[in-house]
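This briefing concerns strand pairing and the surroundings of one selected residue. Please consult the sequence and structure shown here alongside the points that follow.

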Amino acid sequence: MNKKANLSLLLVMSVLMMSACGNTDSDNSAETTISEAVSEVTTVSTNAVAEGAQTVPDGLVIPDDMTPVYADSLKDGEYNIKVDSSSSMFTVTDCVLTVSEGKMTARMTMGGTGYLYLFMGKGENASEDGYIPFEEDPDGTHSFTVPVEGLDMGIDCAAFSKKKEMWYDRTLLFRADSLPADAFADGVINTIESLGLADGEYTVDVSLEGGSGRAKINSPARLTVSDGEAFAEIVWGSSNYDCMTVGSEKYYPQNTEGNSEFVIPVTGFDYKMPVSANTTAMSTPHEIEYTLYFDSATITAE
């Protein structure tokens, strides 16, 4: 409780005690009123919400075409997942998503220790029965375990600052495109089996997202289906990539001259497949996260 709240509480209690002094019949009433006053002061203190210059600009952009992913689209299990935040002051350094019996929860490890509670909603609506306290990890970091309504959608989350003693409204985005293909329930992602693709050579339109947005790849891409597996030839718009990673496997260029070319597995169609690529264009090599979207409607046999 802050100094202002403490002072208000002392004044309220003093007035009430003086009014009750010498009147034993009103003792119980005075005690009840004092209890109500204490509760009211506490509520006012903890429901203060940061506004205007006290906040930072909302840096989270949720695409209009993003479709929410709910628990019934995922298999039960635990998955590492990336979380975007609307505020640089609320950074999630690690997150484990748990899917079980049609519900999702996430344990978020924070980049700092400045928040005492989270409330899934707006700070102005925070109620004590909905407070989620931090859990201190062995290394001293703080984690919060929160319910997750859905992935690929904006979720309101208020964080109570230990130092400022007020709620800060945030928006969180749990990214479905950071999950592996095998996290999705059967039928959610198209595969060569569900598409009925026979062994052979094809082309398929592919789009790239991520990084600075300036990287380009050739589309359509050559697609090879063999023995129940699909591989795509990814040709970048520059020669600055020396490695790509899909899942835990690394893949290296097929060429030594010209724009970087890779042959990588396609884990599924019609979803944003997570990959990363190591670029040498910067002062030091840097791995950048991307997604590839292979559009099954454009698959054409050669």
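In this predicted model, Met244 stands opposite Tyr251 in strand E16. The pairing behind this position comprises 3 bridges, which join strand E15 (residues 241-246) to E16 in an antiparallel arrangement. Both strands belong to an open sheet of 5 strands, described first below.

**The five-stranded sheet**
- The strand order of this open sheet is E12-E19-E18-E15-E16, with antiparallel pairing.
- Strands E12 (206-210) and E16 (249-251) stand at the edges; each has a single partner strand, so one side of each lacks a neighbour in the sheet.
- On average, neighbouring strands of this sheet are turned by 30° against each other, direction ignored.

**Ser276 in strand E18**
- Ser276 lies in strand E18, which spans residues 272-279.
- Ser276 has a relative accessible area of 9% and is therefore buried, the cut-off being under 20%.
- The side chains of Ser276 and Glu287 make a polar contact at 3.0 Å.
- Beyond its neighbours within four places in sequence, Ser276 is in contact with Cys243, Met244, Thr245, Glu287, Ile288, Glu289 and Tyr290.

**Strand E8 and its partners**
- Strand E8 (residues 142-147) runs antiparallel to strand E4 (residues 103-110), and 5 bridges join them.
- Within this pairing, Met108 has Phe144 in E8 as its bridge partner.
- Strand E7 (residues 135-136) also pairs with E8 in the antiparallel sense, over 2 bridges.
- Glu136 stands opposite His142 in E8.
- E7 and E8 form a hairpin with 5 residues between them, and Gly140 in the turn has a positive phi of about 95°.

Key
Residues numbered from 1 in each chain as written. Predicted model: local features only at pLDDT ≥ 70, side-chain atom pairs only at ≥ 80, totals over all residues. Heavy atoms only, no water. Helix = DSSP H or I, 4+ residues; strand = E, 2+ residues; numbered from the N terminus. Buried < 20%, exposed > 50% of the residue type's maximum accessible area, 1.4 Å probe, protein only. Polar contact = N/O pair within 3.5 Å; in protein donor to acceptor, adjacent residues only side chain to side chain. Contact = heavy atoms within 4.5 Å. Pairing = 2+ DSSP bridges. Axes fitted to C-alpha atoms, helices over the stretch in contact; angles between N-to-C directions.
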